Amino acid sequence: MKKGTGTLSFNSVLLLGINSIIGSGIFLLPSTLFKAAGWASLVAIGLAGLATLMIAMNYAVMASKIDTDGGAWVYTSQAFGLHAGFQIGWLSWFLGVITISTEIVAFLTTLGGFWPQVHQRWVYATLALGLLGGILLLNYFGPSTMKVIDNLASATKIGLILLFLIAGSLFLGRQGLAVITPISQLGQHDFSQAFTTAFYMFTGFSFLPVAAQQIRHAEKVLPKALLVVMLVVTLLYLLTQWLTILLLGAAISAEKLPVAAALMQVLGVAGRGLMLAGMLVSTLGVAIAVSFDTPVGLASLATEKKLLPREFGRQNRFGAPVVALSATIGLAAILVLSGSYLFLVNLIILSAFVQYLATVFALLKLQHDPTLPAGIQLWGGRTLPILSLVLLAYLVCQFNWVTYVIGLGFVGLGELVYWLDQRRR
């Protein structure tokens, strides 16, 4: 595709970016953030937004130089070769699988607000496998319904946040600020954990460069769009966290569904029910939408890039990549049954960090490559990429050993698959 011929305008990119970043975390994590840092959770969110914006600008520079679809995988391949690029593509698939798993867990957690029996192990497992089986069948018959489902989930998610912010603000305007619980009663002040958790809520920004070829004048639009998107999302997160704390006070620490509980303070039981119903639509919709893109990405590594066994690209008569799809849903089922929501969040963060690191290193190598367009220039030259590396190095050290083992194990599995395929070829 020639430069400037994409179909997405600046406004379309803004909406796409906001939707790709905002996920289930905004509805489920305010209590986790609060327990870790109390009122300082607002600072954690603000700093996480700024930190993510700093990393996003590295993506913006690379997108202004390389406007090919693929994001981190393409940048890594350009800088360090196909082998390194394969591993980033492999981890991108893993990130998609974890995202599906996380949204299914979020769906079941939300469903537990209506039906507490969901938390019984056998009920949880049966519903999880049933949902994943349904997603498998939906994908098996092709992508025709995916756009409708994605649009519905997106509209529901944004609508819920706006409803909460408007209704909560009006309520506080009438009641005054007497509902605020004293700071001394709030939070345990593990700021590092709050910052890492808040960072998770911004990780979806990397989706935008993946679709670079669909964006009109991507080299100019993407950098501006990333800046505006990150500022808007940060503001929405800050307002949601602030209102949730004000409306629930110290009770926020015990809430698994904090935003729904906060809306109940404003609109009563009906408000809680509306929020939970919307969250069910949103989380399941995201899981279904990601379940379509994720196996397609894995299949493309086999068919277009020739970096995986060709079996991964095999399609059925409806055009669905059945082997890649089966691998995606199978691994998602294992993760859903073996990990909690916060555990899966940590896996997402680790997988995302690897892609961020690869992109920053690629920028440092290609920043002055004469064979590429000059692109946009960062203030301070290499200062921002180096600061990004320092930040990511700090964050990578925040995980527990189980997360590292799973991450390294998946990298090792990818290396084995790649080696066996290259040897066969």
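The legends below describe close-up views of a predicted model.

**View 1. The whole chain is built from helices, with no strands.**
The model is predicted. The chain has 16 helices and 0 strands. Of its 425 residues, 56% are buried. Contacts between residues at least 6 apart in sequence were also sorted by separation, and 82% of them join residues at least 24 apart. The chain exposes about 17,800 Å². Carbon and sulfur atoms supply 68% of that area.

**View 2. Trp90 and Trp93 form a tilted aromatic pair.**
The chain holds 15 aromatic pairs. Among them is the pair of Trp90 and Trp93, with 5.3 Å from centre to centre. Their planes stand 45° apart. The pair counts as tilted because that angle is neither under 30 degrees nor over 60. Both residues sit in helix α6, which spans residues 82-111. They are 3 residues apart there, so about one helical turn separates them. Is Trp90 buried or exposed? Trp90 is buried, at 3% relative accessibility. Trp93 is buried too, at 6%.

**View 3. Ring pairs build a cluster of Phe and Tyr residues.**
The cluster takes in Tyr59, Tyr75, Phe195, Phe199, Phe353, Tyr356, Phe399 and Tyr404. Ring pairs provide the links. Two of these residues, Phe195 and Phe199, return in View 4, where they belong to the α9 side of a helix contact.

**View 4. Helices α4 and α9 cross at roughly 50°.**
Helix α9 covers residues 191-200. Its axis comes within 8 Å of the α4 axis. At this angle the two helices are oblique to each other. Their crossing is right-handed. From α4, the contact uses Val43, Ala44, Ile45, Leu47, Ala48, Ala51, Thr52 and Ile55. From α9, it uses Phe191, Ala194, Phe195, Ala198 and Phe199.

**View 5. Helices α4 and α15 pack at an angle of about 130°.**
Helix α4 runs over residues 41-65, and helix α15 over residues 383-396. Their axes lie 9 Å apart. How are the two helices oriented to each other? They are oblique, because about 130° is not over 145, the cut-off for roughly antiparallel, and lies outside the 65 to 115 range for roughly perpendicular. The crossing is left-handed. On the α4 side, Ala51, Met54, Ile55, Met57 and Asn58 make the contact. They meet Leu384, Pro385, Leu387, Ser388, Leu391 and Leu392 of α15. Ala51 and Ile55 also take part in the contact with α9.

**View 6. Met57 of helix α4 is a buried residue.**
Met57 lies in α4. Its relative accessibility is 18%, so Met57 counts as buried under the 20% cut-off. Which residues does Met57 touch, leaving aside neighbours within four places in sequence? The contacts are Ile376, Leu378 and Leu384. Leu384 belongs to α15. Pro223 is 166 residues away from Met57 along the chain, yet their C-alpha atoms are separated by 6.8 Å.

**View 7. Gln367 sits in the loop between α14 and α15.**
Helix α14 covers residues 341-366. Gln367 is buried, at 8% relative accessibility. Residues up to four places away in sequence are not counted in its contacts. With those set aside, Gln367 touches Lys65, Gly381 and Arg382. Lys65 falls within α4, which covers residues 41-65.

Definitions and conventions:
Residues numbered from 1 in each chain as written. Predicted model: local features only at pLDDT ≥ 70, side-chain atom pairs only at ≥ 80, totals over all residues. Heavy atoms only, no water. Buried < 20%, exposed > 50% of the residue type's maximum accessible area, 1.4 Å probe, protein only. Contact = heavy atoms within 4.5 Å. Areas by Shrake-Rupley, 256 points an atom, 1.4 Å probe, with all protein chains shown as cover. Phe/Tyr/Trp six-rings, centres within 6.5 Å; stacked < 30°, edge-to-face > 60°. Axes fitted to C-alpha atoms, helices over the stretch in contact; angles between N-to-C directions. Left-handed = near helix turned anticlockwise from the far one by under 90°. Parallel < 35°, antiparallel > 145°, perpendicular 65-115°, else oblique.
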